[in-house]
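The following exercises ask the reader to derive structural statements from a set of coordinates. Each task is followed by a solution set out in steps.

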Amino acid sequence: MQGSFYNSNKMKYYLFIILFLITNVCVSQRIPIDKQQHFFIGVAVGSTASTIHTGAHPLVNTLIASSAAGIVKESYDMYHKGGVVDRADIYFTVAGGMVGGAATYFINKAIHKRMESHRSRRWL
């Protein structure tokens, strides 16, 4: 499969570019550090939730987990730190979760598709 999308060098190159663009957007737009932290924690929560196998679709798991993480963190801030709920923090957590979950879902889907094509060519 020469020249396919699943070539590991190309995949690493694409992932590097995506990571570079995300970090550049965060720095160039002068997004506050708090919002950046919520976004990247959302990415971690979303990618973890996307790999957990339940009866639901992985992106549904991602949406539920990242929403819950954002709401729990903001309620913690409200009750323990005496602050107010900042909805933008929740939105950034959910957005990061959806980015991380979607990336993990599509990468896993490509890996499983490639593994299936290798299994079908196996000699018995």
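The exercises below concern this predicted model and proceed from the overall architecture to individual side chains.

**Exercise 1. Overall architecture**

Determine how many helices and strands the protein has, and characterise its burial, surface and contacts.

Solution.
1. The secondary structure consists of four helices and zero strands. Read from the N terminus, the order of elements is α-α-α-α.
2. The protein has 124 residues, of which 23% count as buried.
3. The exposed surface is about 8900 Å², and 67% of it is supplied by carbon and sulfur atoms.
4. Among contacts with a separation of 6 or more, 64% are between residues 24 or more positions apart.

**Exercise 2. The geometry of helix α3**

Test whether the span of α3 agrees with the value expected from its 23 residues, and state which of its residues are buried.

Solution.
1. The expected span is 1.5 Å times one less than the number of residues. For the 23 residues of α3 this gives 33 Å, and the end C-alpha atoms are 32 Å apart, so the two values agree.
2. The buried residues in α3 are Asn61, Thr62, Ser66, Gly70, Glu74 and Asp77.
3. The spacing of such positions may be read against helix geometry: an α-helix has 3.6 residues a turn, so residues three or four places apart point the same way.
4. Just after α3, Gly82 adopts a positive phi of about 70 degrees.

**Exercise 3. A salt bridge within one helix**

Identify the salt-bridge partner of Lys73, and establish whether each of the two residues is buried or partly exposed.

Solution.
1. The partner is Asp77, with the closest N and O atoms 2.7 Å apart. This lies within the 4 Å cut-off, so the pair qualifies as a salt bridge.
2. Both Lys73 and Asp77 belong to helix α3, where they are four residues apart, about one turn of the helix.
3. Lys73 has a relative accessible area of 32% and is therefore partly exposed. Asp77, at 14%, is buried.

**Exercise 4. The salt-bridge network around Lys35**

Determine which residues are linked with Lys35 in a network of salt bridges, and which parts of the chain the bridges of Lys35 connect.

Solution.
1. The count for the structure comes to four salt bridges.
2. Lys35 and Asp86 form one of them, at 2.6 Å from N to O. Lys35 is in helix α2 (residues 33-51), while Asp86 is in the loop between α3 (58-80) and α4 (87-120); the two are 51 residues apart.
3. Lys35 also forms a salt bridge with Asp89, where the closest N and O atoms are 2.9 Å apart. Asp89 is in helix α4 and Lys35 in helix α2, so this pair ties together parts 54 residues apart in sequence.
4. The network links Asp34, Lys35, Asp86 and Asp89.
5. As residues under 20% relative accessible area count as buried, Lys35 at 13% is buried, and so is Asp89 at 4%. Asp86, at 29%, is partly exposed.

**Exercise 5. The surroundings of His38**

Locate His38, decide whether His38 is buried or exposed, and list its contacts beyond the neighbours within four places in sequence.

Solution.
1. His38 is in helix α2.
2. Its relative accessible area is 8%, so His38 is buried.
3. With neighbours within four places in sequence set aside, His38 is in contact with Lys73, Glu74, Asp89, Phe92 and Thr93.
4. Among these contacts, Lys73 takes part in the salt bridge of Exercise 3, and Asp89 belongs to the network of Exercise 4.

**Exercise 6. Aromatic pairs and a nonpolar patch**

Classify the two aromatic pairs of the structure, and describe the surface patch that includes Phe16.

Solution.
1. A pair of aromatic rings is described by the distance of the centres and the angle of the planes.
2. The structure holds two aromatic pairs. For Phe39 and Phe40, the centres are 5.4 Å apart and the planes stand at 85 degrees, so the pair is edge-to-face.
3. Tyr105 and Phe106 also form an edge-to-face pair, with 5.0 Å from centre to centre and 65 degrees between the planes.
4. Phe39 is buried at 13% relative accessibility. Phe40, at 33%, is partly exposed, and Phe106, at 49%, is partly exposed as well.
5. The nonpolar surface patch comprises Phe16, Phe20 and Leu21, with about 340 Å² of accessible area together. Phe16 lies in helix α1 (residues 8-28) and is exposed, with a relative accessible area of 56%.

Note on methods
Residues are numbered from 1 along each chain as its sequence is written. This is a predicted model: local features need pLDDT of at least 70, side-chain atom pairs count only at pLDDT 80 or more; totals for chains, interfaces and linings use all residues. Side-chain values use heavy atoms; hydrogens and water are left out. A salt bridge is a side-chain nitrogen of Lys or Arg within 4 Å of a carboxyl oxygen of Asp or Glu. Buried means under 20% relative accessible area, exposed over 50%, partly exposed in between (1.4 Å probe, protein chains only). Rings of Phe, Tyr and Trp (its six-membered ring) pair if their centres lie within 6.5 Å; planes under 30 degrees apart count as stacked, over 60 as edge-to-face and the rest as tilted. Contact means heavy atoms within 4.5 Å. Accessible areas come from the Shrake-Rupley method with a 1.4 Å probe; for residues, only the protein chains shown count as cover. Patches are made of residues with over 30% relative accessible area and no salt bridge: like charges are joined within 9 Å, nonpolar side chains (Val, Leu, Ile, Met, Phe, Trp, Tyr) within 5 Å.
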